[in-house]
Amino acid sequence: MVTAEPARRVLPENTSASAQPPGGSGLEAGRIGQWWFRRSVRSQILLTFVAISLLAEVLAATVVIGNARLATGVEIDAALTIAERFVEETVDEAVGASEDGQPLSLAEMPLHLAGLRHVRIVVEDAQGRPVVAVDAEDDDDGDARDAAPAWFAAMVGAFDEARHVPVVVDGQRLGTVTILGEPADEIAEVWDDASALALITLLTTLAVLAALFFALNRILDPLPRLARGMHDLEHRNYAVHLAEPKARELAAITTRFNALAAALARALNENAALNRRLLTVQDEERHKTALELHDEVGPCLFGLGVAARSVKAAAARLPEPAGSSLGERATEIQAIVERLRVVNRTIQQRLRPMALGHVALADMIRQVVDGFERQQPTIRFDLALGPLAATYGDSVDLTVYRCLQESLLNAVRHAEARHIDIRIGEGAEAGGRPEVRILVDDDGSGFDLELVKGFGLSGIEERVRMLGGRCAFEGNASGGSRVRVQVPLTAAAGPETLR
């Protein structure tokens, strides 16, 4: 039993099988991705390094603050314990002295409790009223540290632990000595170390970023040149050659690019040679056909015309009504023969102008323009001829002839122009290769390129491209149409001698 294979669902590129849940998260992620991939490779690498550095800084800060919190807690606890024992001994000595007859004064108690670090001593009477307080002593070196910022102290943490030592004489509580932790000096010490470490890390990161920036500039410098080379290839400039960079991977890519450009140049030259050969064979076949029409069909039509005149003359000598009827038939034959002559000349002219190869190219151009002036007396034609050889060979001459003929025909038929400006001459491309340039401007209403190409311009465009040239149909400043044709002159299509 044959079972049908279940249909597979084809997902679009860059999508997953699970549907994207509605909401703004996917849209935001897409925007971030678009922003990221619009950056250059150098920017992406530098931003990645900055992100990694920031993450390392955050982790390092977390470790520093955690260690500072732990160390400060241990230090404060030890300071409180030592201070508590010291205070207890001091209170016991003070109470012992009072029992010998000296009155115990709580106000003098701080004099005996000075010199303790990381703690603050507060002496209170029996009612809980502060009598006097003793602040914590600075570091041993005597240099007071700058206080740490409040936000850093808050991150390290608050140490609110307090130790209380009662002062009791003869069973009567005279007051209390309260010992409070003072971590400010310890936090300031951690802040000094952390800020110095952060400064060193920042300077190191900036130095590495600068080194990366200049290194990436040198490493990735071939990429813009490679992009420009691709642009040249896109515009059919296959003579481009890129210098090989020092980076091994980029050097391999550049080598392959140069090989591709050379292969495309060879293919273009072979294709151009094949097109020229094809065009030459096509023109030769048309030439042969035109010659056959001229040498074979022309004499036959001439013979038919002579025979028709003979029949008409013989019919005139016959009695009526036979002579009149035969004369009418002879006249009809003469009309048909004359029509066939016109058709034969038109076909010959379309296949190959009879003047081609026998008349200078400039004279052929003038004949075309004069013919249109006679047919369209209301249109003004301005012809400007630049330097032109007598002939560039049948292929180029016929291409120039047809391009001018079709351009004028379309301007007259479809643009409704009142003025047509024609400029034709020999020039040179940017690379120095000579070419024949044709520019036809009119002041008409313009034309629909798709429509006009169907009336003959597509044919000349194909012919120009077969010769390796360029053909453009565009608008001009006056709102009319412009036809621009550039036909390259190769060694095979250089100036020749008229036959």
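1. In this note, a salt bridge is a side-chain nitrogen of Lys or Arg within 4 Å of a carboxyl oxygen of Asp or Glu. The model under review is predicted, and 14 salt bridges are present in the structure. Side chains of opposite charge can pair when their charged atoms come close.

2. One such pair is formed by Arg-482 and Asp-441, whose closest N and O atoms are 2.8 Å apart. Arg-482 belongs to strand S9 and Asp-441 to strand S7, so this pair ties together parts that are 41 residues apart in sequence. Asp-441 counts as buried because its relative accessibility is 9%, and buried means under 20%. Through salt bridges that share partners, Asp-421, Arg-423, Asp-441 and Arg-482 are joined into one network.

3. A second pair lies within a single helix. Arg-341 and Glu-338 form a salt bridge with an N to O distance of 3.4 Å. Both residues are in helix H8 (residues 322-351), three residues apart, which is about one turn of the helix. Arg-341 is partly exposed, at 22% relative accessibility; Glu-338 is also partly exposed, with a relative accessible area of 38%.

4. A third pair consists of Glu-249 and Arg-248, with the closest N and O atoms 3.8 Å apart. Both of these residues are exposed.

5. Attention may now turn to the interior. The largest nonpolar core comprises 40 residues, and those with the most contacts inside it are Phe-381, Leu-404, Leu-408, Ile-420, Ile-422, Val-440 and Val-485. At least two residues of this core come from each of helices H9 (361-375), H10 (394-414) and H11 (449-466), and likewise from each of strands S6 (419-428), S7 (434-442), S8 (470-475) and S9 (481-488). Helix H10 gives the most to the core, with nine residues.

6. Two surface patches also merit notice. The one of negative charge gathers Glu-284, Glu-285, Glu-292, Asp-295 and Glu-296. Of these, Glu-285 is located in helix H7 (residues 248-316) and is partly exposed, with a relative accessible area of 44%.

7. The other patch is nonpolar: Leu-199, Leu-202, Leu-203 and Leu-206 form it on the surface, and together they have about 390 Å² of accessible area. Leu-206 is found in helix H5 (residues 184-220). Leu-206 counts as partly exposed because its relative accessibility is 47%, a value that falls between the limits of 20% for buried and 50% for exposed residues.

Terms used
Residues are numbered from 1 along each chain as its sequence is written. This is a predicted model: local features need pLDDT of at least 70, side-chain atom pairs count only at pLDDT 80 or more; totals for chains, interfaces and linings use all residues. Side-chain values use heavy atoms; hydrogens and water are left out. Patches are made of residues with over 30% relative accessible area and no salt bridge: like charges are joined within 9 Å, nonpolar side chains (Val, Leu, Ile, Met, Phe, Trp, Tyr) within 5 Å. Accessible areas come from the Shrake-Rupley method with a 1.4 Å probe; for residues, only the protein chains shown count as cover. Lys and Arg count as positive and Asp and Glu as negative; His and the chain ends are not counted. The place of a charge is taken as NZ of Lys, CZ of Arg, CG of Asp or CD of Glu. Helices (H or I, at least four residues) and strands (E, at least two) are DSSP runs, numbered from the N terminus. Buried means under 20% relative accessible area, exposed over 50%, partly exposed in between (1.4 Å probe, protein chains only). A nonpolar core is a set of buried Ala, Val, Leu, Ile, Met, Phe, Trp, Tyr and Cys residues joined through side-chain atoms within 4.5 Å.
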